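Please look at the strands and helices of the model shown here, and at how they are arranged against each other.

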Amino acid sequence: MSRVVVTGRIPETALEKLRAEHEVDAWSGPESIGREELLRRVAGADAVVSLLTERIDAELLDAAGPQLKVVANVAVGYDNIDVPACTERGIVATNTPGVLTEATADIALGLILAATRRLGEGERLIRSGQAWKWGMFFLLGSSLQGKTLGIVGMGGIGQATARRAKAFGMEIVYQSRSEIDPAIAAELGARRVELDELLAISDVVSLHCPYGPATHHLIGAGQLASMKSSAYLVNTARGPIVDEAALASALRDGQIAGAGLDVFENEPSVHPGLLELENVVLVPHLGSATVETRTAMAMLAADNTLAVLSDERPPAPIN
């Protein structure tokens, strides 16, 4: 039997699947595993099932040893994994695409609605116990019908978000490295544009691109300044795609109308300037947080692990 180290809590069904064939050492603490404990546990492992909270780098791979065959990330993003270091050592890296598409698109649309309709402000006002009454100009927000949604990164999640937005009567433009399938573009009425044009014409900008050196602070002070003063920014991708300090300044100064964030530059910390503002909705990385989705992610990670340990091609390889 091979030894599988699981770096954090995952659904029991996935653990049972792994235990049916291999020895499993799963971290079950209420907090994320500490670095020293992680390095100790991975020694001698044949497989590591990792969460996005753990950094899988050369130090960890070397601590595991030359018998390590696979790192299975329980996430679609894999900026926590040094993929070249895995490839150099002959280690297969995998992720969990597809299974979290719909849940993340739901959160994106939820943030769009919460930001444009000022739902967070209204909820906080009620809970504060302040006196209020209905009025013609009370907490006025912005409608979505007839407005333009600009999607940065038109992969599966971007397309799913676009479908939801189209049902709300929005026009779709997108920026992506390549054209999407013409049939999908026709279905969505989506038009491909460059990022500068997208920022200038969109009423809502929703980020769905992968994170890496090319997209670090893709949205900074210059990009925010080019957006409409009535526009909103939504990020359900990865926090460092947005310069949080620049965003806080833009929101405070009225350069843009509002924002909705599910991810943050230095999670779990949030820029203090954002915490002081009413015109930003902040939620703690809930994109895939449904029972069904997290279970599907863990099961796919287990399938990836079992395939590699059986010398088969995994369902979702990265390298």
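The report below describes strand pairing first and helix packing afterwards.

This is a predicted model, in which local features need pLDDT of at least 70, side-chain atom pairs count only at pLDDT 80 or more, and totals for chains, interfaces and linings use all residues. Residues are numbered from 1 along each chain as its sequence is written, and side-chain values use heavy atoms, with hydrogens and water left out.

Helices (H or I, at least four residues) and strands (E, at least two) are DSSP runs numbered from the N terminus, and two strands pair if DSSP finds at least two bridges between them. An open sheet of five strands follows the order β2-β1-β3-β4-β5 with parallel pairing. Its edge strands, β2 (23-26) and β5 (92-94), each pair on one side only. Neighbouring strands of this sheet are turned by 15° against each other on average, direction ignored; axes are lines fitted to C-alpha atoms, for helices over the stretch in contact, and angles run from 0 to 180 degrees between N-to-C directions.

| Parallel pair | Bridges |
|---|---|
| β1 (residues 3-6) and β3 (residues 47-50) | three bridges |
| β6 (residues 148-152) and β7 (residues 171-175) | five bridges |
| β7 and β8 (residues 190-192) | three bridges |

Within β1, V4 stands opposite A47 in β3. Helix α1 (residues 12-19) lies across β1, β2 and β3, running at about 145° to β2, where contact means heavy atoms within 4.5 Å. Helix α13 (residues 291-309) also packs on the sheet, touching β1, β3, β4 (70-73) and β5, and its direction makes about 170° with that of β4.

In β7, V173 is the bridge partner of G150, and V173 also stands opposite R191 in β8.
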